[in-house]
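This report walks through selected parts of one model. Please keep the sequence and the structure open while reading.

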Amino acid sequence: MFGKLKEYCVEGAKVYFTYEGSREAGARPCVEVVSESIFNVFIDYAGTGHCTRAIEGELGERLNAGTGGDIAKLESVSQEEAGVIIRTKELTGVVSDGFHVDFYDREGNLLSAAYRGKRKSGAGVSEAALALLAEEGHEISGAADEHKIQELRCLDAGDCIYGLGDKTGFLNKRHYEYEMWNTDNPDPQEDNFKALYKSIPFMMVLREKGAYGIFFDNHNRTFFDLGKENNDYYMFGAEEGNLDYYFIGGKSLKDVVSGYTYLTGRAPMQQMWTLGYHQSRWGYDSEEEIRGIARKMREHGLPCDCIHFDIDYMDHFKVFTWNKERYTDGAKVIADFKEMGIKAVTIIDPGVKLEKDYYVYEEGVKEGYFAKTPEGEIYVNQVWPGDAVYPDFGNPQVRKWWGEKQKFLIDMGVSGVWNDMNEPASFRGPLPDDVVFTDEDKKSTHGQVHNIYGHNMAKATYEGWKKQTNKRPFVITRACYSGSQKYTTAWTGDNHSIWAHIRMAIPQLCNLGMSGMNFVGTDVGGFGSDSTPELFARWMQIGCFSPLFRNHCALGCRMQEPWQFGGEVLAISQKYISLRYELLPYLYDLMRETEQTGIPMMRPLVLEYDRDENVKNRNDEFMLGDRMLIAPVVEQGARERMVYLPEGIWYDYWTGEKVEGGSFLVRKAPLDLCPIYVKAGAVIPKYPVRMCVGEDKDDILILEAYPGEGTYVHYQDNGEDFGYREGAYNEYRLVNRDGKVDVEKIHEGYRDYGKIEIKTAGIKDAEMR
Ligand code: MIG
């Protein structure tokens, strides 16, 4: 579309380009300096300006108003032979003929070049062959579609690709193809699934030198081909909206994650109890049964902070109602749980039952809060309550109303909300693309807002809870978009109790974390299908280290509470849930770090050691923060496993033995053992085990210090509200010198610990002799 570069002009932080032919096409391509290491590349095909829903706050407002960018950061714009050179301290963009943009780092290394060739379309199969294959029911990719909006960028042989939210498969996304279209598909998810529940159109490329990210901020259906059709380039594109992407330059993957979360926001601190163990099932059949679950957790000495109420707690699946047949008094059940230190989270789906005189339905009809057909009738589809209508969450008024509706749950004593079915799901075929919705200040369609429906629902929920409780709202969502991390945590939806899915859990959670969604977890034990004792035991060993640690499974599947698999598995559950509770202050410190830097709690090894070839495709190990390496067993029958430890000195968590990194080893891993390694010089803050968060009369902090040297910051606040944003927290600098720890308070704003105990861990060289 764009020919030779004719001229450019600088307006604030933006550089506009005119090409042969571009005037006629009406598009005005633009490169804008957003920050020192982030440039936006923009072609306003739709004539709407940015309309970002992911980037909010001051920057988002500026971008949406068209005044975005940071003029102060733009160092120079000049024209040279190669093209127009746009420079900041960290990043250089070279814009040449055809609106090809190449990026260089500060040292002048090429980070990313536009691909100048044509797309290699088609699988090389004849039409006749394709027809035949289709007849037998094969799904074939066939010819690659050229998208109306499309960008091709070069790939080098060694490039690895990460991010993209909750996609299936492995850590490294190179050679795969994906779609961003929030999808509820209950089939067992395989490596070749193109879309799942969430759309996070953000990818990172790790290069031999440096790394960079691409955030394609287009919330229509988008497509990513990451070197599947051609090893020399990747493609991202869409049929609607704009070419609107952010190029995030970096030296490391961490730089890129931090740049992406600078744009889309950083997952805020949650209440501390949310880090506890959560028990769930769809569904507990009666009040008696669910009371029994709470009782048994305690009888078995299992720490637990939360029990989830799935759809059956509602009256005929009507949101913001309570099933009075099942529960003599729901509020009483919740209050009794609270006495036991157990909180309640309830599910809320978007679909509102179409029923005369049902208050939520009537209010929404009266105010015009539900999506409509193009003819102006309220659009009806079917979900759990039968015929149902869809709140138009893109309308700020509807979000406000939905936020107020949360009062029903808050008054019942509920502590958090679990948002399901918000892709949105529908039982009578998908919602047609032309169903009328709102996108903030303008009319829109389902096709255009589908991918932000869950995001807006979570935002409404978060804001309602924040206003009414003043606590950090706990929201869990299934569907979301880039930036949802500001409002909600997430779980990965309907996995199955199969070994393929315990394996998938690690790369899936790691990529979600690097895509901004820090607080995530899988259904521990698996949702669909029947878990086995061994699979369940191994899954507990992953859940223990996932930000969200929730055991959940489906109606009709084998019961999955920790005591359902016999004594050995119960003991294993006790061991790992207890370890989880010991690690609470460490996890809490990590959550604080995420809020400040965007770096997730649960990290693939490649995020910490991105120059190490051995970790670029490591799918079965991960880090919890920068100090703990977890190597769970994800193979049926395995009682040992190969572990890779990156460079440095490590200590075996269970034996204290010192191990030299930069090599592979074989670790014995009986069913009750998940291999864990701790970095030399680490300090791990711990609590004594307790049955729930807050049950700490003596208020003891244990600092476990490993041989070696290291400096860390430990964070402490009331674990509940937003006071910490006004300074109501303590911070301690911990300096470890070979097991001796100096504790220095560097911020004072909260009560002191009752006692700080320092414990040495790991076997020192001297003790070995
Ligand atoms: O289609 O509410 O992913 O966690 O238990 C089933 C019932 C609807 C899907 C969720 C799952 C939940 C279930 N829901």
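Which residues does Met412 touch, not counting residues up to four places away in sequence? They are Trp322, Gly330, Ala331 and Ile334. The model is predicted.

## Met412 and its surroundings

Met412 belongs to helix α9, which spans residues 407-412. Its relative accessible area is 15%. The cut-off for buried is under 20%, so Met412 counts as buried.

Ala344 gives a further reference point. Met412 and Ala344 are separated by 68 residues in sequence. In space, their C-alpha atoms are 9.7 Å apart.

## The ligand site

The ligand is surrounded by 13 residues. Asp310, Asp420, Arg478, Asp494 and His552 are the closest. By class, the shell comprises eight nonpolar residues, one polar residue and four charged residues.

Three side chains can be described atom by atom. Asp310 places a side-chain N or O atom 2.5 Å from an oxygen atom of the ligand. For Asp420, the ligand partner is a nitrogen atom, and the distance to an N or O atom of the side chain is 2.7 Å. His552 has a polar side-chain atom 2.9 Å from an oxygen atom of the ligand. On its own, the ligand has 350 Å² of accessible area, and the protein covers 94% of this.

## Two buried threonines

Thr261 sits in helix α4, residues 253-264. Is Thr261 buried or exposed? Thr261 is buried, at a relative accessible area of 2%. A polar atom of the Thr261 side chain lies 2.9 Å from the backbone oxygen of Val257. Beyond its neighbours within four places in sequence, Thr261 contacts Arg266, Gln485, Gly516, Thr597 and Gly598.

Thr489 is in a strand, β28, residues 489-491. Its relative accessible area is 0%, so Thr489 is buried. The Thr489 side chain reaches the backbone oxygen of Val475 at 2.8 Å. Val475 is also on the contact list of Thr489, which leaves aside neighbours within four places in sequence. The others on that list are Gln270, Phe474, Ile476, Thr477, Met517 and Phe519.

## Strands β5, β6 and β7

Strand β6 covers residues 83-87. Four of its five residues are buried, so the strand is mostly covered. On one hand, β6 pairs with β5, residues 76-80, through five bridges. These two strands run antiparallel. They form a hairpin with two residues between them.

On the other hand, β6 pairs with β7, residues 91-96. This pairing is also antiparallel, over four bridges. A hairpin of three residues makes the connection from β6 to β7. Ile86 appears in both pairings: Val77 stands opposite Ile86, and Gly93 in β7 is the bridge partner of Ile86.

## A three-stranded open sheet

In what order do the three strands of the open sheet come? The order is β21-β23-β22, with antiparallel pairing. The edges are β21, residues 352-353, and β22, residues 380-383. Each edge strand has a single partner, so one side of each is left without a neighbour in the sheet.

β22 and β23 are joined by four bridges. β23 spans residues 386-389 and runs antiparallel to β22. One bridge pair is Gln382 with Asp387, the latter in β23. In a regular strand, side chains alternate between the two faces of the sheet.

How values were computed. Residues are numbered from 1 along each chain as its sequence is written. This is a predicted model: local features need pLDDT of at least 70, side-chain atom pairs count only at pLDDT 80 or more; totals for chains, interfaces and linings use all residues. Side-chain values use heavy atoms; hydrogens and water are left out. A residue is near a molecule or strand if one of its heavy atoms lies within 4 Å of it. A polar contact is a pair of N or O atoms within 3.5 Å; within protein, one must be able to donate a hydrogen and the other to accept it, and residues adjacent in sequence count only if both atoms are side-chain atoms. Accessible areas come from the Shrake-Rupley method with a 1.4 Å probe; for residues, only the protein chains shown count as cover. Ala, Val, Leu, Ile, Met, Phe, Trp, Tyr, Cys and Pro count as nonpolar, Asp, Glu, Lys and Arg as charged, and the others, Gly among them, as polar. Buried means under 20% relative accessible area, exposed over 50%, partly exposed in between (1.4 Å probe, protein chains only). Contact means heavy atoms within 4.5 Å. Two strands pair if DSSP finds at least two bridges between them.
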